[in-house]
Structure formats: C-alpha cells, structure tokens
Amino acid sequence: MSTKKRINVFRRKIMQGLTKNIGKSKAGLKANGNIKIKRILISRPNHRLGNLLLLTPLVQEVAKTFPDSKIDLFVKGGVTPIIYKNYGNINSYIQLPKKPFSSLGKYIKGWFQLKFRKYDLVINSNPGSSSGRLSVLATNSTYKFFGDHDEELSAKYPDYNHDAKKTIYNLRKFLTELGFPENNSEIPSLKIILDQEELETGKANLQKIVKNDKKTICLFTNATGAKIYSEEWWNSFYDKLKTAFPDYNIIELLPVENISKLNFKIPNFYSTDIREMGEFLANCALFIAADNGVMHLASSVNVPTIGLFKVTDETMYKPYNDKSFSINTENVDQDKVIDLIKTSL
C-alpha cells in the first residue's frame, strides 16, 4: 500500500471514529399525513462513478415518494450532473471539488451553502460516510435522516446490506414514523435516464463496430487494485466465451486509460463520455466486468450485467437489475462462469 493510501485509510478511520455518534435520525412529532416535504437534500460527498450511480435508486425513491419536491444533491466532483441529466426533480447540485486542498475556496463555499439553505428533509445516503454525517448535522432542516444501520431491518430483508438498498429500507421506516404510509414496493434499480436520441446514437456507434445484426456481448477488462484480473485470465476467458457463443459479437469497452487486458485483439469502443458509454452499452445483449464503476454504469442502463467478484463484498455491490447477477470467481472456474452465462442468455 502506498503512503498516500495509508494516509487516506488512517484519515477515514479517524473521521469515522469522531463522527460515528453524531446525530440520530429522529421523526419527532407524528405528522399524521399533514407534513409537507417540498425541499430535500440528499448527501453523498463522493466523486467515484460507482458510488454516484449507486445513489440513483435513492433519488428515484425520493422523487416517487415526494413527486412535487425539489431535490438538491450534495456531492463531490463534476460527474453528478451528467448522471442525473434527465431527472426531473433535481433542483441544484452543491458540488465540492474532487481535490479539496487544490480548491480550498470552493470546498469551503460548498459547506457554507448547506447552512444557508432551508430544507424540509435532509438525507445522508451512506451511514459510513463521515462527511455525509457532518453534512446532515450542518444543514438547516426540519427533519434530519442519518441512515444508521438497523438490525431489525437487516434481519427482515436478505438484501438489506446492498449499498444501494440499505438507505432506502431505512428511509421507509423513518417516514412511517413521520406518519407516512408504509411502502413495501420493489426497490428501484440503478438508472441513468437515456432519451431516444441517445439510444439511437448508441446503436449507430455499435453498428459501426460490429457491422451485423447479431447480438453483442461486451467485456470490460479493467478494474482497480486487487479487483483486477490478469491478462492470462481474460485471454483464457475470451477463448472460452468465443467457443461457447459463436453466434454473438464479442467486443471490448475500453477504460479511460485506453488499455486492454486482451491487448486490443478484439473489436473495441473507446469513450470518456459517461452518457456516450451508457448509450452504447444499452444496445448490447450482455455486459461482463469485474466490480467497478463501469459495471454499475451498465446496470444503470438496464443491460443484463454479470459482475465478477473476488475480493469485494457481493452483497454490497453486485448488480441487481433484471437478469443481472454476480459471480464469485474464487468459488467457480471459468467453465462454470460460461455455464452461468449460457443460463442468463
């Protein structure tokens, strides 16, 4: 582990220790259905693509529960407005710079904006986030939701531990304590809302590569840290996949670094535009990748997505839209992975 990573790990531990007892979600007086929640803040001060995509189910949940509301998002970096471009309830973004000490003025200004805006409800989307807890504490809001782990809900719902679902289960319980009706509907999936023009553009970009009407399997061979699979693994897997699915196109989506564990030996698509990548993936029949942000991007455009896991927790991060699932490659070999893909297709 590098010195920078050690410092970040140490910093997170210190901050979590200092903030773990900050605030508790309290419903206060029973609302009896008379409460009017119009102005809402959702806090997720993180810049990573995967984490911001995992926030989309919560935003959908809040928009559906309060259809006339205006939602502000407290985030880091510049990717959030791109993800939520076609979300109707989004009012504004309070964006902290990705690197606070490089833009200290903007960082301080972002935190001050919390204090000078009035909200009816503020939601911490990640109970493990120290910055999230501090942001809820700092906000001027009638109701503050910190989203702490709930043992009762954990025992009740097998999927409670998922990073995109836990806060929704917690929020539903909190709202019933406010006097709102109980909500037992299905948890929303990750979602980037693509318009018809974007879908058509994605289809055209795919056709430029495959030049046929066969269905397409798309691979993404990059990841970070211990989640990476070797070139040997991907080359062996590709050979098995090509043999098992001769009637499918098999292509590769390249990462922003423009590298390939398959050494660019198969047709590929490269873009640094998140929505362009999403519209391209939306036209594929299947997407296969290790656990990473692009895996969640594919899931968010409703592509059947297979997530390959070996070190991270599947219960927290696996793709879960229709026909999507995760595979722990520590427990199964590549032949079994191919069998599972055959079942899904």
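Here are some questions and replies about this predicted model.

Me: Which residues touch the most other members of the largest nonpolar core?
Reply: Happy to start there. The largest nonpolar core holds 63 residues. Those that touch the most other members are Ile42 and Phe287.

Me: And which helix gives the most to this core?
Reply: A helix can be ranked here by the residues it gives to the core, and the top one gives 6. That helix spans residues 166–178. It is α8.

Me: Which residues does Ile42 touch, leaving out those up to four places away in sequence?
Reply: With those sequence neighbours set aside, the contacts of Ile42 include Asp72 and Ser125. The others are Leu55, Leu58, Val59, Val62, Ile71, Leu73, Phe74 and Ile123. In full, then, Ile42 touches Leu55, Leu58, Val59, Val62, Ile71, Asp72, Leu73, Phe74, Ile123 and Ser125.

Me: How many residues are in the other core, the one that lies apart?
Reply: Among the members of this other core are Ile217, Leu219, Phe237 and Ile306. The core that lies apart has 23 residues.

Me: Why is strand β7 largely enclosed by the rest of the structure?
Reply: Good one to look at in the viewer. Asn249, Ile251 and Leu253 point one way from β7, while Ile250 and Glu252 point the other way, and all are buried. The strand covers residues 249–253, and it is largely enclosed because the buried residues number 5 of the 5.

Me: Which residue is the bridge partner of Ile217 in β7?
Reply: Strand β6 (residues 216–220) runs parallel to β7, and 4 bridges join them. Together with helix α10 (residues 231–244), β6 and β7 make a right-handed β-α-β unit. In β7, Ile217 is partnered by Ile250.

Me: Which residue in β8 does Glu252 stand opposite?
Reply: β7 also pairs with strand β8 (residues 268–269), in the parallel sense and over 2 bridges. Across from Glu252 in β8 is Asn268.

Me: Is Phe264 buried, partly exposed or exposed?
Reply: Phe264 is found in the loop between β7 and β8. Its phi is positive, about 60°, although Phe264 is not a glycine. Its relative accessibility is 42%, so Phe264 counts as partly exposed.

Me: What about Lys323: buried or exposed?
Reply: Lys323 has its place in the loop between α13 (314–317) and β11 (325–328). Here too a residue that is not a glycine has a positive phi, about 70° for Lys323. The cut-off for exposed is over 50%. Lys323 has 61% relative accessibility, so it counts as exposed.

Definitions and conventions: Residues are numbered from 1 along each chain as its sequence is written. This is a predicted model: local features need pLDDT of at least 70, side-chain atom pairs count only at pLDDT 80 or more; totals for chains, interfaces and linings use all residues. Side-chain values use heavy atoms; hydrogens and water are left out. A nonpolar core is a set of buried Ala, Val, Leu, Ile, Met, Phe, Trp, Tyr and Cys residues joined through side-chain atoms within 4.5 Å. Buried means under 20% relative accessible area, exposed over 50%, partly exposed in between (1.4 Å probe, protein chains only). Contact means heavy atoms within 4.5 Å. Two strands pair if DSSP finds at least two bridges between them. A crossover is right-handed if, with the strands pointing away from the viewer, the path from the first strand over the helix to the second runs clockwise.
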